[in-house]
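Trainee: Could you take me through a single part of this predicted model in close detail, and then follow the thread outwards to whatever surrounds that part? I would rather have one connected account than a list.

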Amino acid sequence: MSDGGQARESGGAKDREHEPEEQSATTGEETSREVLDDVDELLDEIDDVLEENAEEFVRGYVQKGGQ
Amino acid sequence: MATPKFVGVETEYGIAVDGPTEVNPVLASSLLVGAYRDGGDRDVRWDHSDEHPLRDARGYEVPDAHEPVVDDELGLANTVLTNGARFYVDHAHPEYATPECSTARDLVVWDKAGERILEDAARRAAASLPPGSRVLVHKNNTDGKGAAYGTHENYLVPREVPFGRLTRQLLPFFVTRPIYTGAGRLGTELGGEVAFQLSQRADFFEVEVGLETTLKRPLMNTRDEPHADPDRYRRLHVINGDANLCEVATLLKVGTMLLLLDVIEDDALPALPELAEPVEAFHQVSHDLTGTRPLRLDDGTTATALEIQERYLDACRRYVKDRDSALDPGTADVLERWEAVLATAASDPRALAGQVDWATKLELLESYRERHGLAWDHDRLKMVDLQYHDVRRDKGLFHRLVERGRVERLVSEAEIVAAIDEPPPDTRAWFRGECIRRFRKQIVAAGWDSLIFDVGGEALQRVPMMEPGRGTRESVGPLLDSVGSAAELLEQLTS
């Protein structure tokens, strides 16, 4: 499909990088730092709970079609 | 004045067994369903006598479709729970069909209860396999390798509403609702470059209208099997939606439909432009994260998915304003959330994270991808996509987000836990569930519209339940409380 590029272009990191910059007040900076810390913790947790052999598991994940 | 609506949702869960021995998915699903027992009691069988999956809403019976007749004949597990749900093996998946609910919020509660039932059943099933085995269950709709499995919504609609009107007025709605119903996925089934799309199911749809559910999937399914009085009702079987984990997404998926079906029943939907190519448009909407891609209409103009949704929202708002002097809180909540979600989707779609599944998952995928510098098609990213749907609350990534307060909740933990065992009080599911709880030994089979008792007489006795709104706690609770046995109940019912 030709619209894949659209999904990809609008994907991403770029959008979120702007968010902290838009907040200028001190409280805003504190909030965004908290948000980033929270995201960091979340990503740490994903690394902890993600299936150990993720690549192998994903490759072996084959379902029969259903309804 | 539109009639009361009822809804139930069937979900086929993904299943994988990891361990020393290979277990095929049909056996694994059967083990899983069989492992979920109420204190070792005998299962109540499913009653198939009223099922006609090949009857078509357009008015004929298909002699040979690809819909196999399965389950009981093959000895597959197939049971009915005290909460009024059906829990069974369909194709090669465990399937949970919620009890009939009268509101979208109730549907959220009993759908969430289903996730817990699957989580519990998977843990029990693993214990019956060789040590080191794990049974992993995902509330998703595709393996990303060409297979899709369903989440089907079922709505009770009066028979007199013409099927053609339903089709015409619902198609543009179905095509554009992935903005909030999409569960999101990496990649595409259709070739080309798609990093991420809104819907798990969209790529698998090939035709506008049809009876099939496994091949040539249609946007509008014509199965005509009401599981209720066939002269009065049809069951609208909607197969184009995704399985949702976000409570807000489930509420909107079902709540908007319940409302829109009232509008259509009263023929109060203003003329809306029809899509020139609904199936292609469904794919396009799914592949466009912004909701702003122009879709071709049959009058030669275009409209975006967001614009089409706005038109439906406006029509529903006008309808309830004319109909209801005082808007009930449940409908008001659906309308407010629908409006809010469309407004957010228009200004900053990614801000839907925490409310709808695709955006919640995409935020996770983007953060994870950034941290590890992964390509969009990296297997570890695919694992994040898959594990988002894992029903285990300690491992499933959706559930980890809930735990961290990053997902909006609508119903309480206590409600979900209660709904694992208890039926909704205000539909016939209450009679079904309560009879099974009280008289399990005397019930040989149960279906959506009947219970079959064996109380030791010469013949089995069938209690028909053809009205989904009858058999509520309010109407039959006193009767059930007044009888001491199933035989006495039957005596009272037939006297």
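Mentor: Strands β3(B) and β18(B) run parallel and are joined by two bridges, one of the pairings in a model that is, throughout, a predicted one. In this pairing Trp46(B) has Ala446(B) of β18(B) as its bridge partner. On the β19(B) side the direction changes, for β18(B) and β19(B) run antiparallel, joined by four bridges, and there Ala446(B) has Leu451(B) of β19(B) as its bridge partner. Ala446(B) is thus a bridge partner of Trp46(B) and also of Leu451(B). The connection from β18(B) to β19(B) is a hairpin that passes through two residues.

Continuing across, β19(B), which covers residues 450-453, is held to β20(B) by four bridges, and these two strands run antiparallel; within this pairing Ser450(B) stands opposite Pro464(B) of β20(B). Taken together, the strands form an open sheet of four in the order β3-β18-β19-β20 of chain B, and the pairing is mixed. Its edges are β3 (45-46) and β20 (461-464) of chain B, each of which pairs on one side only. Strands of a sheet pair through backbone hydrogen bonds, and may do so in parallel or antiparallel fashion. As for its surroundings, β18(B), residues 443-447, has five of its five residues buried, so the strand is largely enclosed by the rest of the structure.

The helix α3(B) gives a second example of an enclosed element: 12 of its 14 residues are buried, and it is therefore largely enclosed by the rest of the structure. Among the buried ones are Phe163(B), Leu166(B), Leu170(B), Phe173(B) and Phe174(B). With 14 residues (163-176) at 1.5 Å a residue, α3 of chain B should span 20 Å, and the 20 Å between its end C-alpha atoms agrees with that. The helix nevertheless bends by about 40 degrees at Leu170(B), with a proline, Pro172(B), following within four residues. Arg165(B), which also lies in α3 of chain B, counts as buried because its relative accessible area is 15%, below the 20% limit. Apart from neighbours within four places in sequence, Arg165(B) is in contact with Ile264(B), Glu265(B) and Asp267(B).

Elsewhere in chain B, Ala249(B) has its place in helix α5, residues 247-265, and counts as buried at 0% relative accessibility. If residues up to four places away in sequence are not counted, Ala249(B) touches Tyr180(B), Asn244(B), Gln355(B), Val356(B) and Asp357(B).

Charged side chains offer another view of the model, in which 46 salt bridges are found over all chains. One of them joins Arg124(B) and Asp120(B) at 3.2 Å, N to O, and both of these residues lie in helix α2 (residues 104-127) of chain B, four residues apart, or about one turn of the helix. Arg124(B) counts as partly exposed at 37% relative accessibility, whereas Asp120(B) counts as buried at 18%. A pair with the same spacing in sequence, Glu434(B) and Arg438(B), is four residues apart in helix α13 (residues 429-439) of chain B, and so separated by about one helical turn; their side chains meet in a salt bridge of 2.9 Å, N to O. Here Glu434(B) is buried, with a relative accessible area of 7%, while Arg438(B), at 29%, counts as partly exposed.

Other salt bridges cross to chain A, a chain with four helices and zero strands, of whose 67 residues 34% are buried. The contact takes 67 residues from chain B and 39 residues from chain A, and the area buried between the two chains is about 4600 Å², with carbon and sulfur atoms giving 52% of it. Across this interface the rule finds 10 salt bridges, including that of Asp379(B) with Arg59(A), at 2.8 Å, N to O. In another salt bridge the side chains of Arg400(B) and Glu45(A) meet at 2.4 Å, N to O; Arg400(B) lies in helix α11 (residues 397-403) of chain B and Glu45(A) in helix α3 (residues 26-49) of chain A, so the pair joins two chains. Both Arg400(B) and Glu45(A) are buried, and they belong to a network of salt bridges that also links Asp38(A), Glu41(A), Glu363(B), Arg404(B) and Arg406(B).

Notes. Residues are numbered from 1 along each chain as its sequence is written. Chains are lettered from A and ligands numbered from 1 in the order in which they are written. This is a predicted model: local features need pLDDT of at least 70, side-chain atom pairs count only at pLDDT 80 or more; totals for chains, interfaces and linings use all residues. Side-chain values use heavy atoms; hydrogens and water are left out. Two strands pair if DSSP finds at least two bridges between them. The expected span of a helix is 1.5 Å times one less than its number of residues. The bend at a residue is the angle between axes fitted to the seven residues ending there and the seven starting there. Buried means under 20% relative accessible area, exposed over 50%, partly exposed in between (1.4 Å probe, protein chains only). Contact means heavy atoms within 4.5 Å. Buried area is the accessible area (1.4 Å probe) that two parts lose on being put together, summed over both.
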